[in-house]
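Here is a brief report on one protein model. It covers burial, strand layout, one residue in detail and a surface patch.

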Amino acid sequence: PHLAPTLRKGTDQAPYSVQLDLSLPLNTEKLGNFGGYLHLQYFNGYGESLLDYNRRVQPQIRLGLMITR
């Protein structure tokens, strides 16, 4: 497992943002040499995209599958 935290401090109008990424390899006996990862992401704060640079977004949790070769 790999955990990658990102903390950003902003200005008074947009004080902070927190993003946590967790990836878990899917190399199990059942899947063989799949070469993929399960990806879990949490985001809370300001500035996730350029459109939301000054707007606070609700906390979000995302789940995904990363496929590698």
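Of the 69 residues of the protein, 22% count as buried, meaning under 20% relative accessible area; exposed means over 50%, and partly exposed lies in between (1.4 Å probe, protein chains only). The accessible surface comes to about 5600 Å². Carbon and sulfur atoms hold 59% of this surface. Areas come from the Shrake-Rupley method with a 1.4 Å probe, and for residues only the protein chains shown count as cover.

The model is predicted: local features need pLDDT of at least 70, side-chain atom pairs count only at pLDDT 80 or more, and totals for chains, interfaces and linings use all residues. Residues are numbered from 1 along each chain as its sequence is written, and side-chain values use heavy atoms, with hydrogens and water left out.

**Strands**

The protein has 0 helices and 4 strands. Helices (H or I, at least four residues) and strands (E, at least two) are DSSP runs, numbered from the N terminus. Along the sequence the pattern reads β-β-β-β. Among contacts (heavy atoms within 4.5 Å) between residues at least 6 apart in sequence, 33% join residues at least 24 apart.

Strand β1 (residues 2-9) lies largely in the open, because the number buried among its 8 residues is 0. β1 pairs with strand β2 (residues 16-25) in the antiparallel sense, over 8 bridges. Pairing requires that DSSP finds at least two bridges between two strands. P5 stands opposite L20 in β2.

**Two residues side by side**

| Residue | Strand | Relative accessibility | Class |
|---|---|---|---|
| Q19 | β2 | 19% | buried |
| L63 | β4 | 65% | exposed |

**Around Q19**

What does Q19 touch, leaving aside its neighbours within four places in sequence? Q19 is in contact with A4, P5, T6, Q41, Y42 and F43. The side chain of Q19 also makes a polar contact with the side chain of D21, at 3.0 Å. A polar contact is a pair of N or O atoms within 3.5 Å; within protein, one must be able to donate a hydrogen and the other to accept it, and residues adjacent in sequence count only if both atoms are side-chain atoms.

**The nonpolar patch**

L63 joins L24, L38, L40 and I61 in a nonpolar surface patch of about 470 Å². Patch residues have over 30% relative accessible area and no salt bridge; nonpolar side chains (Val, Leu, Ile, Met, Phe, Trp, Tyr) are joined within 5 Å, like charges within 9 Å. A salt bridge is a side-chain nitrogen of Lys or Arg within 4 Å of a carboxyl oxygen of Asp or Glu. β3 (36-46) and β4 (56-67) each supply at least two of the patch residues.
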